[in-house]
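Work through the exercises below with the sequence and the 3D structure at hand, and try each task before reading its solution.

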Amino acid sequence: MLCCIAQRLVSGVRSNDSVVRLGGDEFVVLLMSAHSLDAAEAVAHKLLTALQQPVAYQGRLLQVSASIGVTQVLADSDSPEALLRRADGAMYEAKRNGKARVQRF
């Protein structure tokens, strides 16, 4: 099932963007072509819609959901760890606000 989810994520972004599985069911999507937080959020909503479609697994249709945290580089000195921390915080805020949603940092 994770392979199907990963494929949906890869299909929903441009070729110069990156999709990485951190572990478990957590993925990071790095959008190199999004030039604003609004653009990144629009992509996140598109991905959320794609992920809400049932997944065929072992002859069954399974419904999955996702909570997505969105952030952007705020300063040239932003580290990858700082970006992940902000995105992770936004994701957990999305979960607290009802799951299956997109939340900006």
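**Exercise 1. Determine whether Arg-104 is buried, partly exposed or exposed, and find its salt-bridge partners.**

Solution. Start with accessibility: Arg-104 has a relative accessible area of 30%, and it counts as partly exposed because buried means under 20%, exposed over 50%, and partly exposed in between, with a 1.4 Å probe and protein chains only. The model is predicted, so local features need pLDDT of at least 70 and side-chain atom pairs count only at pLDDT 80 or more, while totals for chains, interfaces and linings use all residues. Residues are numbered from 1 along each chain as its sequence is written, and side-chain values use heavy atoms, with hydrogens and water left out.

Next, apply the salt-bridge rule, a side-chain nitrogen of Lys or Arg within 4 Å of a carboxyl oxygen of Asp or Glu. Arg-104 pairs in this way with Asp-38, where the closest N and O atoms are 2.0 Å apart; this pair links distant parts of the chain, strand E6 (residues 102-104) and helix H2, 66 residues apart. Arg-104 also meets Glu-41 in a salt bridge of 2.5 Å, N to O, and Glu-41, in helix H2, is 63 residues away from it. Glu-41 itself is buried, at 19% relative accessible area.

**Exercise 2. Describe the salt bridge of Arg-86, and then the network that shared partners create.**

Solution. The partner of Arg-86 is Asp-78, with the closest N and O atoms 2.7 Å apart. Arg-86 is buried at 11% relative accessibility, whereas Asp-78 is partly exposed at 22%. Salt bridges with shared partners join Asp-38, Glu-41 and Arg-104 into one network, and the count for the structure comes to four salt bridges.

**Exercise 3. Explain why Cys-3 forms no bond with Cys-4.**

Solution. A disulfide requires a pair of cysteine sulfur atoms within 2.5 Å. The closest cysteine sulfur to that of Cys-3 is in Cys-4, 8.8 Å away, which is too far for a bond. Cys-3 is exposed, with a relative accessible area of 68%, while Cys-4 is partly exposed at 29%. A search of the whole structure accordingly gives zero disulfides.

**Exercise 4. State how confident the predictor is in the chain, and which elements have the lowest and highest mean values.**

Solution. Use pLDDT, the predictor's confidence in each residue, from 0 to 100. The chain averages 93, and 100% of the residues score at least 70. Among the elements, strand E3 (residues 55-57) has the lowest mean pLDDT, 88, and E5 the highest, 97; helices (H or I, at least four residues) and strands (E, at least two) are DSSP runs, numbered from the N terminus.
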